[in-house]
Amino acid sequence: MSDARAILLVHCPDQKGLLAKITEFIYKQGGNITYIDQHVDLAEQCFYLRAEWELKGFALERGEIGAAFAEQLGSPLSMTWRLYYNDQRPRMALMVSKESHCLDDILARWSSGEWAVDIPLIISNHEVLRPTAERFGIRFEHIPVTKDTKAQAEAQALELLEEEGVDFIVLARYMQIISDQMVQRWPNRIINIHHSFLPAFAGAKPYHAAHQRGVKIIGATSHYVTAELDQGPIIEQDVTRVTHHDRVEDLIRQGRDLEKVVLSRAIWQHLNRKLLVFKNRTVVFV
C-alpha cells in the first residue's frame, strides 16, 4: 500500500519532553505524522499517546522500527508500547448463542467492506445461527456447553481459535462465561456487549428489572472481558430515553438497537487501534 502507515500506542510514567522525544524519533527517520493525540492523567501521573505516520520515505524498514524505538525511547523511559500497521488485516472470531441482532449487524458491516477485517470462524453453543454463517460462507462450529462439559467445550474452542490464527474475539451475545485461561490467552482482545448500562441492572433480565424500577434511560455497554465478570475495561456505552408508556417488549427492542450500535463502535475502535488499556480503564483516542 502506498498509503501504509505505522501506528504507535504508548503509556508510561509522565515526565517533561515525552511528546517531543517521540515526534523527534519519527522526524529523524523521515516520517510524516498524519495523526497524533496525547493525554496526561494527572491523578495517575501517566502519559498516553497514539501516533500515526506514513511509511513512505521512512528510513527504517518495518522489522527495524520496533527495535530502534525500544532502544532509543521505550526501555530508557519505561514505556509500555505497541506498534501496528494500518494495512494489516486482523482476524476476528465471533462467539454467539441464539440471538442474531448483533451478529447480523457485524456481518453486514463486514460484507459491505466497511471493516478491514477477516472473519474465519463463528463458534456457538447452539445450532440456531448456522444458516447465517453459511449464507456468508464463514466456518461455523457448534460446541454445546453444559455444566459438566464446560471445560471440555472451552478447550475445543481454544483449539479452533488457535487453528484459525485469531487475533481477537467478539462475544456477539454469547451467553456463557469465559474462563481465565481464554482471557489470559487474549488479554484486552475479547470484546463483549452487555445488555445494560453497567454497572446498573447487571444480570439475566436487566430490562425487566429496569421496567420494575421505572427507569428513564436504558443503555448498553461494550467492554473487554476480564476474569471478573462484567468488570472489564469499558470501551463504549450509549443510552436512550424511555417513558412509562414503554412496555418490556419496547425496552428490549430499543435495547437491541443500542447493543448493535455500541458493539460496532467498540469493534471499530479496536480495529483502528484507538484503544489503550491501563489499570482496567480505557483511553479512547478520537
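Here are five short exercises, each with a worked solution, on a predicted model of a protein chain.

**Exercise 1. The chain as a whole**

Find out how the radius of gyration of the protein chain fits with that of a compact globule.

Solution.
- Start with the secondary structure: the protein chain has 8 helices and 13 strands.
- Next, look at the outline. Along the principal axes, the C-alpha atoms fill a box of roughly 60 × 40 × 35 Å.
- Now compare. For 286 residues, a compact globule would have a radius of gyration near 19 Å, and the 21 Å of the protein chain agrees with this.
- Two further values complete the picture. Of the 286 residues, 48% are buried. Take the contacts between residues at least 6 apart in sequence: 66% of them join residues at least 24 apart.

**Exercise 2. The largest pocket**

Describe the lining of the largest pocket: which residues lie nearest its centre, and which strands supply at least two residues each?

Solution.
- Begin with the space itself, which has a volume of about 560 Å³.
- Then turn to the 22 lining residues: Arg 82, Tyr 84, Asn 188, Arg 189 and Leu 275 lie nearest the centre of the largest pocket.
- Trace the lining back to the strands. S1 (5-13), S4 (80-85) and S12 (275-278) each give at least two residues, and S4 has the largest share, with 4 residues.
- Finally, sort the lining by class: 11 residues are nonpolar, 5 are polar and 6 are charged.

**Exercise 3. The second largest pocket**

Work out which strand gives the largest share of the lining of the second largest pocket.

Solution.
- The second largest pocket holds about 430 Å³ of space.
- Its lining has 21 residues, and Gln 176, Ile 177, Asn 192, Leu 229 and Asp 230 are the ones nearest the centre.
- Strand S9, residues 190-194, makes the largest contribution to this lining, with 3 residues.
- By class, the lining of the second largest pocket has 11 nonpolar, 7 polar and 3 charged residues.

**Exercise 4. A closed space**

Search the whole structure for cavities of 30 Å³ or more, and say how many there are.

Solution.
- First, the idea: rolling a probe the size of a water molecule over the atoms shows where empty space is left.
- The search finds 1 cavity of 30 Å³ or more, and the volume of the largest cavity is about 90 Å³.
- Look at what surrounds the largest cavity. Among its lining residues are Met 95, Ile 123, Val 145, Tyr 174 and Met 182. Helix H5 (residues 150-163) gives the largest share of this lining, 4 residues.
- Sorted by class, the lining of the largest cavity has 10 nonpolar and 2 charged residues, and no polar ones.

**Exercise 5. Three residues up close**

Decide whether His 101 is buried or exposed, then examine phi at Asn 188 and Arg 273.

Solution.
- Place His 101 first: it belongs to helix H3 (residues 101-111).
- Its relative accessible area is 11%, so His 101 counts as buried, the cut-off being under 20%.
- Check its partners. The His 101 side chain makes a polar contact of 2.7 Å with the side chain of Glu 259. Beyond neighbours within four places in sequence, His 101 is in contact with Arg 173, Arg 256, Glu 259 and Lys 260.
- Now for phi. Most residues other than glycine have a negative phi. Asn 188, however, has a positive phi of about 55°, and Arg 273 has a positive phi near 55°.
- Locate both. Asn 188 sits in the loop between helix H6 (180-185) and S9, while Arg 273 is in the loop between helix H8 (248-271) and S12.
- Last step: with a relative accessible area of 30%, Asn 188 is partly exposed.

Definitions and conventions: Residues are numbered from 1 along each chain as its sequence is written. This is a predicted model: local features need pLDDT of at least 70, side-chain atom pairs count only at pLDDT 80 or more; totals for chains, interfaces and linings use all residues. Side-chain values use heavy atoms; hydrogens and water are left out. On a 1 Å grid over the protein atoms alone, a cavity is a set of points where a 1.4 Å probe fits but cannot get out, and a pocket is an open set with protein on both sides within 12 Å along at least five of seven lines; lining residues have an atom within 4 Å of a point. Grid points are joined across faces, edges and corners, and a volume is the space filled by probe spheres set on the points. Ala, Val, Leu, Ile, Met, Phe, Trp, Tyr, Cys and Pro count as nonpolar, Asp, Glu, Lys and Arg as charged, and the others, Gly among them, as polar. Buried means under 20% relative accessible area, exposed over 50%, partly exposed in between (1.4 Å probe, protein chains only). A polar contact is a pair of N or O atoms within 3.5 Å; within protein, one must be able to donate a hydrogen and the other to accept it, and residues adjacent in sequence count only if both atoms are side-chain atoms. Contact means heavy atoms within 4.5 Å. The radius of gyration is taken over C-alpha atoms; the globule rule is 2.2 Å times the number of residues to the power 0.38.
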